[in-house]
Amino acid sequence: GIGVRVLSMSLDFEEPYFEVLTGPDCDEAKALHAYWLQHRLSEGGAEAILPKRDDISLPDLVALGCADRAFIMEPFGEDDWQYRLLGSEIVRYYGRDVTGIPFRQHMLECEAEIAIRISNEAAQTRKPVFLKMRFISGDHSGMIETMSLPILARDETTIWLFGATFFPESE
């Protein structure tokens with residue numbers, strides 16, 4: 001019916017693509033993951049201590065070439081997440097700034113559920129999540145690579161997620 005046709009303009013049902021990667025794929029993603037690993041501390045064989053929010057610096061992200069594609073997410077309420085920081089390149093691709101807007105309020109329900117589940121898993125396991133997916137928004141479409149790397153919030157208790165989204169086909 002008409003509902004499906006309207007939906008298919010934003011969701012690519014012909015070629016859905018969503019893949020969880022075992023590690024970063026593109027060079028920029030590998031460099032950002034290495035940066036995160038550098039800031040992890042392990043003390044005497046104990047579980048690695050996550051990087052803190054203040055370990056992540058804008059000049060470092062600029063040097064890595066991904067400051068405009070970086071993000072930091074925080075949990076919102078009982079079961080949602082929101083961006084605290086969203087790079088200008090991500091905003092340009094999405095066509096709007098969704099900083100401070102919970103996922104359930106700016107994503108389709110099915111997309112929000114997946115994003116929340118993945119974010120919860122990364123926060124609970126304290127392990128990075130690496131993804132590749134097909135992206136369609138406005139005039140932009142193609143494959144993107146993204147990652148969520150757990151960090152400690154400034155209270156050093158709450159887990160936030162730090163990462164970046166790479167648009168390899170657009171460059």
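Phe 71 is found in strand S2, a stretch covering residues 70-76. Keep in mind as you explore that this is a predicted model.

Is Phe 71 buried or exposed? Its relative accessibility is 3%, and since buried means under 20%, Phe 71 counts as buried.

Now look across to the neighbouring strand. S2 is joined to S3 by 6 bridges, and the two strands run antiparallel. They form a hairpin with 3 residues between them. In the turn you can find Gly 77, which has a positive phi of about 60 degrees. Strand S3 spans residues 80-86 and is mostly covered, with 5 of its 7 residues buried.

Which residue of S3 stands opposite Phe 71? It is Leu 86. The two are 15 residues apart in sequence, while their C-alpha atoms are 4.6 Å apart in space. Leu 86 is also one of the residues that Phe 71 touches, when residues up to four places away in sequence are not counted. Other contacts on that list include Tyr 83, Leu 85, Ile 90, Met 147, Leu 161 and Phe 162.

Another phenylalanine makes a nice comparison. Phe 18 is found in strand S1, which covers residues 18-21. Here are the two side by side:

| Residue | Strand | Relative accessibility | Class |
|---|---|---|---|
| Phe 18 | S1 | 40% | partly exposed |
| Phe 71 | S2 | 3% | buried |

Phe 18 also helps to make a nonpolar surface patch of about 260 Å². Its partners in that patch are Val 20 and Ile 114.

Key. Residues are numbered from 1 along each chain as its sequence is written. This is a predicted model: local features need pLDDT of at least 70, side-chain atom pairs count only at pLDDT 80 or more; totals for chains, interfaces and linings use all residues. Side-chain values use heavy atoms; hydrogens and water are left out. Patches are made of residues with over 30% relative accessible area and no salt bridge: like charges are joined within 9 Å, nonpolar side chains (Val, Leu, Ile, Met, Phe, Trp, Tyr) within 5 Å. Accessible areas come from the Shrake-Rupley method with a 1.4 Å probe; for residues, only the protein chains shown count as cover. A salt bridge is a side-chain nitrogen of Lys or Arg within 4 Å of a carboxyl oxygen of Asp or Glu. Helices (H or I, at least four residues) and strands (E, at least two) are DSSP runs, numbered from the N terminus. Buried means under 20% relative accessible area, exposed over 50%, partly exposed in between (1.4 Å probe, protein chains only). Two strands pair if DSSP finds at least two bridges between them. Contact means heavy atoms within 4.5 Å.
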